[in-house]
Amino acid sequence: MGSEVHLETGLLAGVGEPVERILAAAELCFSTSGYAATSMRQIADAAGVSKSLLHYHFQSKEHLFLETTVRIYNRLSAEITEGMGEAGTSSERALFALDALFASLKRTPYFQVQTEVWARSLTNESLRVHAERLREHLRGEIIRRMGQILG
């Protein structure tokens, strides 16, 4: 069957070019159309892959959304960490990280889609399971990054 989910990296084991195209297409489709209006067919078409290949790597739209979101947060985390460098006090690094996070929230429509997903997860059990996994992963990442920032 498909590759195993690895939230630690936000990507799948054995990631290849098709998976990267699928994740990039999913990010674009979710950002422009929202979660509910985005279909797996739309993502497959945007990625230039068959719908069966999409389902080989991602069991459901919820799974694809989860992996796409983790990918975005990992990219954001890397940008913040790289931008902070080693200079400054822990307070200065923490303020830089918060400024970078808020700037990203303002410029990235994907975070609006997350609000839609969190709201839908209240009535959708499958989505709720994925949203809870995402919340736990992000919580762990925030704790880890704050430890790095604050020393």
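Q: Which residue's side chain meets the side chain of Glu 27 in a salt bridge?
A: Keep in mind that we're looking at a predicted model here. A salt bridge needs a side-chain nitrogen of Lys or Arg within 4 Å of a carboxyl oxygen of Asp or Glu. Glu 27 has a partner at 2.7 Å, N to O, and that partner is Arg 75.

Q: How many residues apart are Glu 27 and Arg 75?
A: Glu 27 sits in helix α1, while Arg 75 belongs to helix α4 (residues 61-84). So this pair ties together distant parts of the chain, and the separation is 48 residues.

Q: Is Glu 27 buried or exposed?
A: The cut-off for buried is under 20% relative accessible area. Glu 27 comes in at 15% relative accessibility. Because that value falls under the cut-off, Glu 27 counts as buried.

Q: What does Arg 75 count as, going by its relative accessibility?
A: Under 20% would be buried and over 50% would be exposed, with partly exposed in between. Arg 75 has 35% relative accessibility, so it counts as partly exposed.

Q: Which residues are linked with Glu 27 and Arg 75 in a network of salt bridges?
A: The Glu 27 and Arg 75 pair isn't on its own, since a network of salt bridges takes in this pair. The other members of that network are Glu 20 and Arg 71.

Q: What separates Asp 45 and Arg 41 along helix α2, in terms of helical turns?
A: These two form a salt bridge, with the closest N and O atoms 3.4 Å apart. Both are in helix α2 (residues 40-47), four residues apart. Because of that spacing, they're separated by about one helical turn.

Q: Is Glu 17 buried or exposed?
A: Glu 17 forms a salt bridge with Arg 21, and the closest N and O atoms are 3.1 Å apart. For Glu 17, the relative accessible area is 57%. Exposed means over 50%, so Glu 17 is exposed.

Q: Which helix gives the most to the largest nonpolar core?
A: That core has 29 residues, and Ile 22 and Phe 30 are among those with the most contacts inside it. Helices supplying at least two residues each include α2, α4 and α7 (125-150). With seven residues, the one that gives the most is α1.

Q: Which Leu residues does Ile 22 touch, not counting residues up to four places away in sequence?
A: In soluble globular proteins, nonpolar side chains tend to be buried together. Leaving out those sequence neighbours, the contacts of Ile 22 include Ile 43, Ala 47, Val 49 and Phe 58. The Leu residues it touches are Leu 54 and Leu 64.

Terms used: Residues numbered from 1 in each chain as written. Predicted model: local features only at pLDDT ≥ 70, side-chain atom pairs only at ≥ 80, totals over all residues. Heavy atoms only, no water. Buried < 20%, exposed > 50% of the residue type's maximum accessible area, 1.4 Å probe, protein only. Core = buried A, V, L, I, M, F, W, Y, C linked by side-chain atoms within 4.5 Å. Contact = heavy atoms within 4.5 Å.
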